[in-house]
Amino acid sequence: MAVKVSRSKTMMPCKSLGPVSDLERHLPQDWWRSLFNAVYLKTDGDVVENNANTAQDVDMLLNATTLDPGSRILDLCCGQGRHCMELARRGFRKVTGIDRSRYLVRLARKRAEKLNLNLTFREGDARKFRIPQNSFDAVAVFGNSFGYFEREEDDREVLERLRSVLKPGGWLFMDVTDGQWMRDHFSPRSWEWIDQNHFVCRERAMAKDGRRLVSREVITHVERGVIVDQFYAERLYSVEELKELLSSVGFEEIALVDTPLSHSDRQQDLGMMDHRIVLISRAPTPKGPAPAAGPLYPKVTVLMGDPSLPDIVKLEGKFNSEDLNTIKQLKDALKSLPGYNFQYWDSHHKIIDLIRSDRPDFVLNLCDEGFMNDAFKELHVPALLEMFDIPYSGGSPACLAMCYNKSFVRSVAQSLEIPVPLESYFSADDQSATLPANFPILLKPNFGDSSQGITKDAVITSQEGFIRYLEELRNNFPQRPLLVQEFLSGAEYSVSIVGNPGREVTVLPILEVDYSGLETSLPQILGYESKWDPQSPYWSQIKYKEASLSDDTLRIITDHSLLLFERLDCRDYARIDFRADSDGLIKLLEVNPNPGWCWDGKLNFMAGFAGLSYADLIRMIIEAAQDRYKIPKLQH
């Protein structure tokens, strides 16, 4: 049974369940997704908004470790960022907070900005947050933020993830409830006044397996009645159980720190903060050189577009000499990778027969042309591979479908509070398109690949130009909806990500499009001509350079890119494009799963900025995909 949890800052009334005989039966599986909001800060504010508790916690961390202001620290389940801000006030410059609650992360950012503290806050699941390996000198888990998940295996997964992001010998600091004490002393029922208008009634009971304490909170306003009726649970660990778990994951030098006392303004029901355990441990240090490990799938089948078929995206509708040279460059790069054996499939009429007769171990999916060179069928390629249960690189069918719809991606970004251009959507059968009131605008198809329909004429400065190009698009791309966007005239950037959330993730140096050499009479746009027409000035006069950005801007667009990468279920590699408006506000252009892999494309330019060769880039993509298949599938 679903439990209604109020998310409103004004805490509007809700319907209560009334008496409940079995708390566990009403516990939502992922209760933690919605619990930590304004109501949480109201009910637990006497402890979690308490400066004395925050200072004491940070004192314990610093006294138990050898950290200095230059150390990189991760506060996992950072909540509203109170520990991060306390560390920053003490001079620590490299502090990152991660929390699953979007409400608390937003609040943390606002508070840090108000205090002029340079901190990074990210939204993420404790089991699979987006941080590269060996990134931090210390990870802190404050305030009983451990044991929330339904399965004990998930707690282990959290610790394994923390071990991977810690540098060898890095510190893990854990502050959790004393499970054994709580089993013996919890109050089955209690109530207290939160303030002059709100009181909370609490019920507690052990789960059937005896491992989790299930709690219920009913919060009532004296005039409006019940405003929240919510359930949550925490897995209880004794000191010895926690030590054993840490040791089994590989942590070393596990030690108990003096038990802290919780300060409370109300001094009533402290709940999980009543008796706590604080443990420190260290990530393992490799003993000697790591053993060499070969690829998971040494035999790789490279799946590509079919040069024998027409391709309406390409100039003159077919593969040309530039495309064939691109394929040669790829094969030369792959030939240099040790440990792999590559074969190439590009005959689309034969793919199903080839799968049946010579089933691939692993497919490097570079068929961004789509099945039968139909861009609308790009998602059909991974769908076919999934039907035969063949491991492959790149985005899933669902991901490719979502990102092919530009308006849908914009809506997702908008829901994540990522700036996007102003936009109007016109369906294919809409014959009464409203003329734009403000120019310049960009008119383009909502569906399309490789800048189809986006030419120099797509940047429009008059109503006459709009009518003319609208008619051209409807003739060339019938039955496709169109988008009218504000034209972003500022600097244009691309962010490339290689890897997967929860595993190793590499963000390549950010690229900026250099329009300075383009003829001044031409609109500054990366359109169809820049990708497919060697005779166009767009082909020869546009250059790429490494972006020079402030730390804040770099952090913001990187965070936005990583968030979109995960939310749209991108895999292994993707490119996210941004452009600034006339006021300098950077807005999302589009998200490109399985972006162009060619040797002279944006992705390889960014790899070059990082000192990587073309072969290095392709190897990283293959390794990211194969590493993803090392994760066992959950059994349902």
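**Terms and model.** Buried means under 20% relative accessible area, exposed means over 50%, and partly exposed lies in between (1.4 Å probe, protein chains only). This is a predicted model, in which local features need pLDDT of at least 70 and side-chain atom pairs count only at pLDDT 80 or more, while totals for chains, interfaces and linings use all residues. Residues are numbered from 1 along each chain as its sequence is written, and side-chain values use heavy atoms, with hydrogens and water left out.

**View 1. Ser582 sits in a loop between two strands.** Strand 23 (572-580) comes before the loop and strand 24 (586-593) comes after. Helices (H or I, at least four residues) and strands (E, at least two) are DSSP runs, numbered from the N terminus. Ser582 has a relative accessible area of 64%, so this residue counts as exposed. Ser582 and Leu117 are 465 residues apart in sequence. Their C-alpha atoms are 28 Å apart in space.

**View 2. Arg89 and its contacts.** Arg89 belongs to helix 5 (residues 82-89). Not counting residues up to four places away in sequence, Arg89 touches Arg82, Leu115 and Leu117. Contact here means heavy atoms within 4.5 Å. Arg89 is also part of a salt-bridge network with Asp59, Glu86 and Arg90. A salt bridge is a side-chain nitrogen of Lys or Arg within 4 Å of a carboxyl oxygen of Asp or Glu. Arg575 lies 486 residues from Arg89 along the chain, and their C-alpha atoms are separated by 36 Å.

**View 3. Thr54 is a buried residue of helix 4.** The helix covers residues 51-64. Thr54 has a relative accessible area of 4%. Leaving aside neighbours within four places in sequence, Thr54 is in contact with Arg82, His83 and Glu86.

**View 4. Salt bridges link strands 6, 7 and 8.** The structure holds 40 salt bridges. In one of them, Glu203 pairs with Arg189, with the closest N and O atoms 3.7 Å apart. Glu203 lies in strand 7 (residues 198-206) and Arg189 in strand 6, so the pair ties together parts that are 14 residues apart in sequence. Glu203 is buried at 18% relative accessible area, whereas Arg189 is exposed at 64%. Glu217 forms a salt bridge with Arg202, and here the closest N and O atoms are 3.1 Å apart. This pair joins strand 8 (residues 212-221), which holds Glu217, to strand 7, which holds Arg202, 15 residues apart. Glu217 is buried, with a relative accessible area of 2%. Arg202 is buried too, at 6%.

**View 5. A salt bridge within helix 10.** The side chains of Asp332 and Lys328 meet at 2.9 Å, N to O. Both residues lie in helix 10 (residues 321-335). They are four residues apart, about one turn of the helix. Asp332 counts as partly exposed, at 34% relative accessibility.

**View 6. The largest nonpolar core has 54 residues.** A nonpolar core is a set of buried Ala, Val, Leu, Ile, Met, Phe, Trp, Tyr and Cys residues joined through side-chain atoms within 4.5 Å. Val302, Leu330, Leu334, Phe342, Leu364, Leu443 and Ile622 touch the most other members. Helix 20 (residues 614-628) gives the largest share of this core, eight residues. Not counting residues up to four places away in sequence, Ile622 touches Leu334, Leu337, Tyr340, Phe342, Phe362 and Leu364.

**View 7. Backbone details at Pro440, Glu253 and Glu417.** A cis peptide bond joins Phe439 and Pro440, with omega about 5°. Pro440 is in the loop between strand 15 (423-426) and strand 16 (441-445). Glu253 has a positive phi, near 50°, although this residue is not glycine. Glu253 lies in strand 10 (residues 252-257) and is exposed, with a relative accessible area of 57%. Glu417 also has a positive phi, near 65°. Glu417 is found in the loop between helix 14 (406-415) and strand 15.

**View 8. Confidence along the chain.** The chain averages a pLDDT of 87, and 91% of the residues score at least 70. pLDDT is the predictor's confidence in each residue, from 0 to 100. Over residues 1-10 the pLDDT is below 50. Beyond near neighbours in sequence, this stretch has 25 contacts in the model. Residues 632-636 also stay under 50, with two contacts beyond four places in sequence. Where pLDDT is low, the predicted coordinates should not be read in detail.
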